[in-house]
Amino acid sequence: MKRKGLLLAVFSAFLVLLTGCNNLAVLNPKGPVAKTQSNVIIFSILVMALVLLVVYILYIFMLTKYRASKAAPDYEPPHEEGNKWLEITWIAIPVIIVAILSVVTVRSTSAVEKVPEGYEDQKPLVIYAASSNWKWHFSYPEEGIETVNYVNFPTDRPVEFRLYAYGPITSFWIPQLGGQKYAMSDMVNELNLVAEHAGSYMGKNSNFSGEGFAHMEFEALAMTPKEYDEWLEEVKTTAPELTEQEFDSLLKESHVGRKTYASTHLAFSPAPEGENAGHNHGGSEDMDMNSESGEMDHSEMDHSDMDMEQTETDNAGAADHSSHGN
Amino acid sequence: MKWDEFFVTGEPMIYGAMVSIVVASLAILIGLTYFKKWGYLWREWLTTVDHKRIGIMYIIAALLMLFRGGVDALLMRGQLAMPDNGLLDGQHYNEIFTTHGVIMILFMAMPFIIGLMNVVVPLQIGARDVAFPRLNAVSFWLFFAGAMLFNISFVIGGSPDAGWTAYFPLASLEFSPTVGNNYYSIAIQIAGIGTLMTGVNFIATILKMRAKGMTLMKMPMFTWSVLITCVIILFAFPVLTVALALMMFDRLFGSQFFTMANGGMDMLWANLFWVWGHPEVYIVILPAFGIYSEIIATFSRKNLYGYKSMVWSMVVISLLSFLVWAHHFYTMGHGVMVNGVFSITTMAIAIPTGVKIFNWLFTMRKGRIEFTTPMLYSLAFIPIFTIGGVTGVMLAMASADYQYHNTMFLVAHFHYVLIPGTVFAVIAGFYYWFPKLFGFRLNERQGKRAFWWIIISFNVTFFPLFFLGLKGMTRRMYTYSESTGYGPLNLLASIGSVGLAIGFILLVYNIYWSFRYAPRDTTGDPWNARTLEWSTHSPIPEYNFAIEPTVTGLDPFWEAKKGGHQLYKGEIEEIHMPNNSGQPFILGIIFFFFGFFMVFSWWVPAIIAGIGVVVMLAVRSFERDHGRHIPVKEILETESRLRGEQA
């Protein structure tokens, strides 16, 4: 039958493409997080291919053997209620498969949420990534610099991205370094990535956020530590300061090109974390609650009184922040 | 508001659409007047409470919406066929994928399924109508009012543009200031009330009106699937009702449920939406499973394998469907615990679904498989849907989902689930039950030709999207540059979409051709089928069964044909039937205008229309209508006429 031939062709094309996955960004990882995810994906594809194979073999068998054109003219199909053992088989085997996949899922999810293995001892580079309209702002609080629409960081050092949004929900994604996470206006999400190879990687917002969404890309450039330090030095000496006025006008723009500043917006427009948070879903365990507290004004966040009360109780039990679900 | 804001202006395609809408409406009006069909239309269709006619109207509406949603899809594929293409601008593309999603799910898949439910369920259980025929008509007209209100948005005021998921804050007044998302919140609300009432109606029908001897475990599988679906509707749709009401308050009355400031929670919308949205997927898939069960059993000439496990697997799926919603946003930053739990519940759905796949395969074992058009769609469903299913398991794994989320991989997955799962099923059901409704079969040769076009083109269209997703192409991008390397696979997908369009055109042509030329069926049972609906005449008399059937087991008509069982015992008696009524239609029109005025915040007319709704409800409450009785003589005449024609 034509269909079977087609499916077979499609399936083998699939396998061929899998072996040459260099042009499939997700299966061409450049860091441990993406590597874990790529392994999970390939493992699940293999398991699922097995499932497909079983179904397809049974399917082809039934369709070729029991077609009416092959049956004797007086053949009368029997009445069958079902078979206890067969049914137990096709419940038990999927249960085992799901159990195996569940273990893989929970372990790998736990792995990709943490700082990647082998990098726990290093002090992570903290970079705030905030979206506004259809651009990305990257603030390096410890280095005191800020970039727009591109982000540079050293290889072989954990980078802790802290994600939030000015406006609609966006999703921060550098496919070759690791999976995505949402950036939202009322909380900060954390994403730990490491680049093990120097290079320029595509980064983008993957969550639809309005008219200019398709162009909301940035360059993620992993540099050797030496090159990174040189770049830092250059930025600190040559780039202008980011004033509040400049930042406000930036926020209003739809798209801008690359920008570089020798100070961050965090001082006058803090991220929605700690006492500036709108809400918290629970989850990211070790959020740094005390960063920059004390020196913020709340004009950006426009909180109501009720919300302030909430954040105060929040501070009282700051360590237990993650249990404060809304 | 100025007129040029009221009508959408500046787009040649939209002007074209406006002109064609006006021309088509005029043609219909003139045609009805010329052929003096106004009275016929009013008496036989607009005021009908007959479940069969309401079902047919649902299916016609669904086919119209399939056309509308299909044109949206073709425009999207046209735009993405080449890098940096200029067919559509960003805003227009955003509106089109939003309406494509809403229309295909809510105004195509749902009404098509509900249409088939209407036609088939009372017949399968040996009833003469649904439990509340008048309510059934109200359901239809509310659905129709909602669908029309949603559809006019693209010429009047602008369509919603925040995706069919309408995530906040993007869908809030701040980021989506046009009336588009007002249409979303109000049109879907009106249609949703209709759906909710359908759920109530069919639960009552199935529980209270089954033929004598038909216990729950002797019901046909399609009826079982409808019962479970209606229970899901009953639990899921109220969540949508609440979510849409809160959305409407936010957009029209300045409340702050989902806003960024003042304690609003954007994630609350996402949660509410998917607490409804995921069960919704099963609302359109479970009846499809029922349809396939009927067709595969009929054309294998065997009873359904593992009937009990088929029922139980649907019950388990319906329970699990409420426990998986957070898998739509693993990336929102839940901890490992939450994502882990939702991963496991999601993967667990594969188990009962797998049970069904194996039961269908074993139904065919030792059968006499006949490759009719409905059977071909059912057979194509198994391998293609399995691809959708296994990619679903892959997506369920949270760590990997961080890489698939929001990409074309996801788009490919859900089309691989919904098109073979729902669209093939409704086409198969349409071919299968068509002769019951109209008394002749659709042409098989043409049907098979359309089938091959559709299934091959489907795979050409959607399989490349898996790879585009892994390449990092996100969904809802209206354009991409050549350097991304997305071009060739997108072109392939676009070529496939043209093939799909050709397939659907062939299908529609088949309907037209068969109406004119197909030979009439004289038996009432053209497929040699198994369940009660085939034991009455086709086309079906309005009372369905002259004598109410008595049932002793599964597949009662099959047993009767083999001579083991007498279906119709006793004498013909007077039959009590409901009267037609124009009230549901009028109520639908009032709801349409109420919704329209609300969309534009025209309060005075909205209040007047709102009072109109209340008045209609009051009129109905004080109305005394005990229906009518068809005398025995008339029944005998009808029966002999139907038999006489068959001779």
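Start in the loop between β4 (150-154) and β5 (159-166) of chain A, and select A:Asp156. This is a predicted model, so read each stop as a prediction. Check the backbone angle phi here: for A:Asp156 phi is near 55°, a positive value in a residue other than glycine. Most residues other than glycine have a negative phi. Is A:Asp156 buried, partly exposed or exposed? A:Asp156 counts as partly exposed, because its relative accessibility is 36%, and the buried class ends at 20% while the exposed class begins over 50%.

**Chain A as a whole**

Now zoom out and colour chain A by secondary structure. You should find six helices and eleven strands. Chain A has 326 residues, and 53% of them count as buried. Switch on a surface if you like: chain A exposes about 14,400 Å², with carbon and sulfur atoms supplying 57% of that area. The chain also has plenty of contacts between residues far apart in sequence: of its contacts with a separation of 6 or more, 70% are between residues 24 or more positions apart.

**The six-stranded sheet**

Stay in chain A and select the strands of its open sheet, which run in the order β8-β5-β1-β2-β3-β11. There are six of them, and their pairing is mixed. Which strands sit at the edges? They are β8 (189-193) and β11 (259-261) of chain A, each pairing on one side only. Turn the view and compare directions: neighbouring strands of this sheet are turned by 20° against each other on average, ignoring direction.

In general, strands of a sheet pair through backbone hydrogen bonds, either parallel or antiparallel. For an example, select strand β3 (residues 145-148) of chain A together with β11(A): the two pair in the antiparallel sense over three bridges. Label A:Val148, and across from it, in β11(A), you will find A:Lys259.

Next, select helix α4 (residues 225-238) of chain A, which packs on this sheet. Which strands does α4 touch? The helix touches β1 (125-132), β2 (135-140), β3 and β11 of chain A. Compare the direction of α4 with that of β3(A), and you get an angle of about 95°.

**Aromatic rings**

Time to show side chains. Over all chains, the whole structure has 94 aromatic pairs. One of these is A:Trp136 with A:Phe172, an edge-to-face pair with 5.4 Å from centre to centre and 80° between the planes. Trace the backbone from one to the other: A:Trp136 lies in strand β2 of chain A and A:Phe172 in strand β6 (residues 170-174) of chain A, 36 residues apart, so this pair links distant parts of the chain. A:Trp136 counts as buried because its relative accessibility is 0%, and A:Phe172 is buried too, with a relative accessible area of 0%.

For another pair, hop over to chain B and select B:Phe381 and B:Phe385. Their ring centres are 5.0 Å apart and their planes meet at 35°, so the pair is tilted. Both residues lie in helix α13 (residues 373-396) of chain B, four residues apart, about one turn of the helix. Both are buried: B:Phe381 has a relative accessible area of 0%, and B:Phe385 has 6%.

**Charges over rings**

While you are in chain B, select B:Arg53 and B:Trp45. The charged end of B:Arg53 sits over the ring of B:Trp45, 4.9 Å from its centre. Then try B:Arg520, whose charged end sits over the ring of B:Phe440, 4.0 Å from the centre.

**A buried valine**

Pick helix α8 (residues 221-253) of chain B and find B:Val226 in it. B:Val226 is buried, with a relative accessible area of 0%. What does B:Val226 touch, leaving out residues up to four places away in sequence? Its partners are B:Met117, B:Val121, B:Phe202 and B:Ile206.

**Unusual backbone spots**

Most peptide bonds are trans. Select B:Phe168 and B:Pro169 to see a cis one, with omega about 0°. B:Pro169 lies in the loop between α6 (133-152) and α7 (180-208) of chain B. Another cis bond runs from B:Ser538 to B:Pro539, with omega near -5°, and B:Pro539 is in the loop between α17 (487-517) and α18 (556-561) of chain B.

Last stop: B:Asn544, also in the loop between α17 and α18 of chain B. B:Asn544 has a positive phi of about 65° although it is not a glycine. Is B:Asn544 buried or exposed? B:Asn544 counts as buried, at 0% relative accessibility.

Key:
Residues are numbered from 1 along each chain as its sequence is written. Chains are lettered from A and ligands numbered from 1 in the order in which they are written. Side-chain values use heavy atoms; hydrogens and water are left out. Two strands pair if DSSP finds at least two bridges between them. Axes are lines fitted to C-alpha atoms, for helices over the stretch in contact, and angles run from 0 to 180 degrees between N-to-C directions. Contact means heavy atoms within 4.5 Å. Rings of Phe, Tyr and Trp (its six-membered ring) pair if their centres lie within 6.5 Å; planes under 30 degrees apart count as stacked, over 60 as edge-to-face and the rest as tilted. Buried means under 20% relative accessible area, exposed over 50%, partly exposed in between (1.4 Å probe, protein chains only). A charge sits over a ring if NZ of Lys or CZ of Arg is within 6 Å of the ring centre and within 35 degrees of the ring normal. Accessible areas come from the Shrake-Rupley method with a 1.4 Å probe; for residues, only the protein chains shown count as cover.
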